[in-house]
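Biologist: I should like to learn how to read a structure that is new to me. May we begin once it is displayed?

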Amino acid sequence: MSLAPSAEISHSDRTSTARHYLMCRPEFFTVSYSINPWMDPAEGADTARAVRQWESLRRAYESLGHRVSLIDPIEGLPDMVFAANGALVVEGRVYGAKFAHAERAAEAPAHLDWFDRRGYETLAPSFTNEGEGDYLTLDDVILAGTGFRTDVASHMEAQEFLGRPVVTLRLVDPRFYHLDTALFPLDGRNVAYYPEAFSAGSLRVLRRLFPDAVIASAADAEVLGLNAVSDGRNVIVNAEAAGLILELKRRGFEVVPVDLSELRKAGGGPKCCTLEIR
């Protein structure tokens, strides 16, 4: 059964609702270790420039009417800016993260504590997973990545805790180490994705579920164009993803290009910086 709309939606028919996002200011951002192919400690990163780019992203959300909450950055955790990896939040339930690499391990309890102190129902996971990095929520299902960072056993744990069907998708290209680097929901029913990032079986699943998906090119994927955030009408996307931007506009979306080139040195983009609180 397809989750996608049977007909293309016009510009005037697209609607968005105010979203609530959690973000973390990159005060301590740098590239001091390498845990994915994007990271080169020899190149490093400009923290001040990363902060300026992040502030522009935050302002973009607020200009669209979305609410942004902040989690305090922690010195020694340079990747904490990528707040999407800290948890998965669905209907007020928070499934916590358990990071694959020791360098990021302390981010998980920091995020869970943030939600605990605000009265959310939380679950500390038994299995390795990296939050919305590998879990993307649509109206009827949660798409869940595995292959590099998230143990497939966590998919069942998340399904049991959240009460939503979870569809497993296997990633095969180490450049696209999280699902949110290779796919993003356009709205609650349809997605955009880069086919070559997925195993043959997972690609067949995506084609079956989303026959009207936006298919991204290698050029767009390689600038992390798919690490984007859509509210159903507006899409925040890396400005360099030119082909993807044109197709989104053709489909009737309002596109908000952003420059997160400094954060891309650690393999992150708009979505990595953005944890949705549902």
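**Helix packing and salt bridges**

Modeller: The buried residues of helix α2 pack against β1 (20–23), β2 (67–70), β3 (87–90), β4 (93–96), β5 (121–123) and β15 (275–276). Please bear in mind that this is a predicted model.

Biologist: How many of the 10 residues of α2 are buried?

Modeller: A residue counts as buried when its relative accessible area is under 20%. In α2, which spans residues 107–116, 7 of the 10 residues are buried, and the helix is mostly covered. Among them are His111, Leu112, Trp114 and Phe115.

Biologist: How should I read salt bridges, and how many are there by the rule used here?

Modeller: Side chains of opposite charge can pair when their charged atoms come close. In this model the count comes to 24 salt bridges. One of them joins Glu132 and Lys271, at 2.6 Å from N to O. That pair links distant parts of the chain, 139 residues apart: Glu132 lies in the loop between β5 and β6 (135–137), and Lys271 in the loop between β14 (254–258) and β15.

Biologist: Are Glu132 and Lys271 buried or exposed?

Modeller: Glu132 has 0% relative accessibility and therefore counts as buried. Lys271, at 8%, also counts as buried.

Biologist: Which residue meets Glu276 in a salt bridge?

Modeller: Glu276 pairs with Arg278, with 3.5 Å from N to O. Glu276 is buried, at 12% relative accessible area, whereas Arg278, at 27%, counts as partly exposed. Through shared partners, salt bridges join Arg19, Glu132, Lys271, Glu276 and Arg278 into one network.

Conventions
Residues are numbered from 1 along each chain as its sequence is written. This is a predicted model: local features need pLDDT of at least 70, side-chain atom pairs count only at pLDDT 80 or more; totals for chains, interfaces and linings use all residues. Side-chain values use heavy atoms; hydrogens and water are left out. Buried means under 20% relative accessible area, exposed over 50%, partly exposed in between (1.4 Å probe, protein chains only). Helices (H or I, at least four residues) and strands (E, at least two) are DSSP runs, numbered from the N terminus. Contact means heavy atoms within 4.5 Å. A salt bridge is a side-chain nitrogen of Lys or Arg within 4 Å of a carboxyl oxygen of Asp or Glu.
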